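This report describes a ligand site and the pocket around it, then two points in the backbone. The sequence and structure come first.

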Amino acid sequence: MSIKDNIQYIEGLKKEAAEKAGKSADEVLLIAVTKLHSPEEINQAIDAGIGDIGENKVQEILDKYEKVKPVRWHLIGHLQTNKVKYIIDKVDLIHSVDSYKLAQEIEKRAAQHEKNMDILVQVSPVNEETKFGVSMEEVKSLVSEISENCPHITIKGLMCIAPFYENPEDVRQIFADVKSVYDGLKEMPHERIDFKYLSMGMSHDFQVAIEEGANCIRVGTAIFGNRDYRSEEK
Ligand SMILES: *Cc1c(COP(=O)(O)O)cnc(C)c1O
């Protein structure tokens, strides 16, 4: 199967799941996760209709940025404060804001560039299992703190990485819990809070995520095949 075939296949599954959730396919954004894949492969995906790509490392964005056709870039992995300056003018949405300290740095750099930066707050739905993300209890106070103090940031929603279970049915309740937190925060009246994206679901669980309310999915392996992690050591 080519990258193009895989994308068509995923689009089909996405449509089915979206319809189950009472949405149309185009209400769910498919982000192609391109970490450890080459600019050539990424350009094939763009030619096949992908308009949004996700990377989890700043360095990979910098390495590929000039070599990839015009597209929207998403930073989906953990972001260190000292690296914000490199991507502030390159990415369209940062999915992984999980501390006020990181938000303050994004605010400072966005102000220098006289731009607004769209972000998602990353929640960790199962506290002990994931390294990054704020707990479900802390997310509201972080959203308030950022919205009150960061005039160059707009909070566009939430992101989560669910723990991996063989059977994706086992994460259904977790996705539903994150959706209910999302729905609660969405109503917070503030001009810097403009919830539009609930980013959850990856190759093995995106259908369940969509059924439970995700409207932004991040799919890598199912589009590009397995990643060769050995090449990272070179
Ligand atoms: C790698 C990655 C994905 C995609 O994972 P696949 O299982 O390859 O679809 C999604 N989100 C984040 C944050 C990732 O790092």
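## The shell around the ligand

In this predicted model, the residues of the shell around the ligand fall into five nonpolar, four polar and three charged. The shell is made up of V33, K35, N56, I76, I161, M202, S203, R218, V219, G220, T221 and R227.

## Polar contacts and burial

Which side chains place a polar atom beside an oxygen atom of the ligand? One of them is K35, with a polar side-chain atom 2.6 Å from an oxygen atom of the ligand. In S203, an N or O atom of the side chain lies 2.5 Å from a ligand oxygen atom. For R227, the distance between an N or O atom of the side chain and an oxygen atom of the ligand is 2.7 Å. The ligand taken alone exposes 390 Å², and the protein buries 91% of that area.

## The largest pocket

Where does the ligand sit? Its place is in the largest pocket, which has a volume of about 640 Å³. The lining of this pocket consists of 27 residues, and those closest to the centre are K35, N56, I76, G77 and I161. Two elements, α3 (58-64) and β9 (216-219), give two or more residues to the lining.

By class, the lining of the largest pocket holds 10 nonpolar, 11 polar and six charged residues. K35 belongs to the residues closest to the pocket centre and also to those that surround the ligand. N56, I76 and I161 are likewise among the residues closest to the centre and are found around the ligand as well.

## Positive phi angles

Two residues other than glycine have a positive phi. For L36, the value is about 65°. L36 is located in the loop between β1 (29-33) and α2 (39-47).

The other case is E114, with phi near 50°. Which elements flank the loop that holds E114? That loop runs between α5 (100-112) and β5 (117-124).

Terms used
Residues numbered from 1 in each chain as written. Predicted model: local features only at pLDDT ≥ 70, side-chain atom pairs only at ≥ 80, totals over all residues. Heavy atoms only, no water. Near = heavy atom within 4 Å. Polar contact = N/O pair within 3.5 Å; in protein donor to acceptor, adjacent residues only side chain to side chain. Areas by Shrake-Rupley, 256 points an atom, 1.4 Å probe, with all protein chains shown as cover. 1 Å grid on protein atoms, 1.4 Å probe; cavity = no way out; pocket = protein on both sides within 12 Å on 5 of 7 lines; lining within 4 Å. Sits in = over half its atoms within 2 Å of the grid points. Nonpolar A, V, L, I, M, F, W, Y, C, P; charged D, E, K, R; others polar. Points joined across faces, edges and corners; volume = space filled by probe spheres on them. Helix = DSSP H or I, 4+ residues; strand = E, 2+ residues; numbered from the N terminus.
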